[in-house]
Amino acid sequence: MAAAAAAAAAAEQQSSNGPVKKSMREKAVERRNVNKEHNSNFKAGYIPIDEDRLHKTGLRGRKGNLAICVIILLFILAVINLIITLVIWAVIRIGPNGCDSMEFHESGLLRFKQVSDMGVIHPLYKSTVGGRRNENLVITGNNQPIVFQQGTTKLSVENNKTSITSDIGMQFFDPRTQNILFSTDYETHEFHLPSGVKSLNVQKASTERITSNATSDLNIKVDGRAIVRGNEGVFIMGKTIEFHMGGNMELKAENSIILNGSVMVSTTRLPSSSSADQLGSGDWVRYKLCVCADGTLFKVQVTSQNMGCQISDNPCGNTH
């Protein structure tokens with residue numbers, strides 16, 4: 001104790017005179033004691049913190065769910081892209097040497113080298129579809145018609161017929177000689193049926209006249225009702241003109257109807273009645289068809305038996 005008191009007194013005396021200089025050994029001992037005390041004190045620098053009040057980083061809650069949805073969507077798009085790529089690779093048959101099924105040329109020509117299965121083809125403006133010079137172009141429809149359409153013009157090829165419809169007209173010509181084989185331009189070319197075509201099926205035709213060859217007959221046949229109308233009259237001329245109808249025949253004119261030549265009417269299908277009682281009843285209205293010497297037809301209502309064509313307003317005049 002006396003030595004420690006002497007050392008403390010000596011230290012106070014030295015500190016009052018100035019800083020005390022420690023030896024290397026004393027500094028090492030002091031540092032070792034400080035480290036030993038610090039390592040044994042586990043609560044040094046500890047501050048209790050509530051984790052719920054800390055700021056949390058990362059995607060949590062709705063942001064996490066949205067991120068998962070975006071990842072799933074990108075995965076689905078990647079799968080679809082892979083499927084499309086495989087389909088294109090299988091159809092076009094892309095290999096190390098290029099496409100095995102088609103060729104692309106600088107002139108814009110697309111050439112198919114193998115049999116191709118297509119649904120609808122949309123060529124560009126003024127495009128041409130053709131085959132090789134020494135080979136036929138074969139187009140086949142599987143139980144479906146083959147349709148070529150450009151605007152309102154359509155060509156349809158079926159098993160039992162081939163039809164062409166157009167609102168602006170059509171024209172067929174020889175590509176080598178440029179000779180027009182068939183045209184609907186009636187103002188420039190007279191309409192003629194092509195060689196080998198025996199009949200023409202139309203729903204409505206507007207023309208100035210319809211004629212046949214000198215050695216053949218002109219036959220007009222309809223399934224339902226046929227209407228022949230002329231703005232300035234209808235003139236029917238021929239060596240023999242015959243009308244065969246399953247129903248009624250109606251002739252209308254603003255001025256007159258003229259039959260020039262011998263007229264014969266088959267009465268086998270005309271309704272007739274020999275009963276005199278029906279003449280006086282109001283259920284029947286009967287007319288008699290009369291013809292003038294110049295071919296003018298007119299009707300006279302029958303009001304009594306054995307009635308002739310003599311009426312007050314006779315259009316024939318004195319001769320009938």
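Accessible areas here come from the Shrake-Rupley method with a 1.4 Å probe.

**Figure 1. Overview of the predicted model of the protein chain.** By that method the protein chain exposes about 31000 Å², and carbon and sulfur atoms supply 53% of this area. Of its 320 residues, 6% count as buried. Four helices and 11 strands make up the secondary structure of the chain. Among contacts with a separation of 6 or more, 11% come from residues 24 or more positions apart. Two disulfides are present in the structure.

**Figure 2. Residues 66-92, a stretch annotated in UniProt.** The unreviewed UniProt entry records residues 66-92 as "transmembrane region". In the predicted model this stretch is 100% helix and 0% strand. The C-alpha atoms at its two ends are 39 Å apart. The close-up also includes Cys 69, which has a relative accessible area of 49%. Cys 69 is therefore partly exposed, as the exposed class begins over 50%.

**Figure 3. The open sheet formed by strands β5, β6 and β7.** The three strands follow the order β5-β6-β7, and their pairing is antiparallel. β5 (146-150) and β7 (162-165) are the edge strands, each with a single partner, so one side of each has no neighbour in the sheet. Direction ignored, neighbouring strands of this sheet are turned by 5 degrees against each other on average.

**Figure 4. Pairing of β6 with β5 and with β7.** Strand β6 spans residues 153-157 and pairs with β5 over five bridges, in the antiparallel sense. The pairing of β6 with β7 is likewise antiparallel and runs over four bridges. A hairpin of four residues provides the connection from β6 to β7. Leu 155 in β6 can be followed across the sheet: Phe 148 stands opposite Leu 155, and in β7 the bridge partner of Leu 155 is Ile 164.

**Figure 5. The disulfide between Cys 290 and Cys 309.** The S to S distance of this pair is 2.0 Å. The torsion about the S-S bond of Cys 290 and Cys 309 is about -85 degrees, so this disulfide is left-handed. Cys 290 belongs to strand β10 (residues 287-291), whereas Cys 309 lies in the segment after β11 (297-301), so the bond ties together parts that are 19 residues apart in sequence. Cys 290 and Cys 309 are both buried.

**Figure 6. The disulfide between Cys 292 and Cys 316.** In the predicted model the sulfur atoms of Cys 292 and Cys 316 are 1.4 Å apart. The torsion about their S-S bond is about -70 degrees, so this disulfide is left-handed. Cys 292 is located in the loop between β10 and β11, and Cys 316 in the segment after β11, so the pair links parts that are 24 residues apart in sequence. Cys 292 is buried, as is Cys 316.

**Figure 7. Order of the cysteine pairs along the chain.** With the bonded cysteines numbered in sequence order, the pairing is 1-3, 2-4. The view brings together the bond from Cys 290 to Cys 309 and the bond from Cys 292 to Cys 316. Cys 290 lies in β10, and Cys 292 lies in the loop between β10 and β11. Their partners Cys 309 and Cys 316 lie in the segment after β11.

Note on methods
Residues numbered from 1 in each chain as written. Predicted model: local features only at pLDDT ≥ 70, side-chain atom pairs only at ≥ 80, totals over all residues. Heavy atoms only, no water. Buried < 20%, exposed > 50% of the residue type's maximum accessible area, 1.4 Å probe, protein only. Contact = heavy atoms within 4.5 Å. Disulfide = S-S within 2.5 Å. Pairing = 2+ DSSP bridges. Axes fitted to C-alpha atoms, helices over the stretch in contact; angles between N-to-C directions. UniProt positions renumbered as here; feature names shortened; annotations may be inferred.
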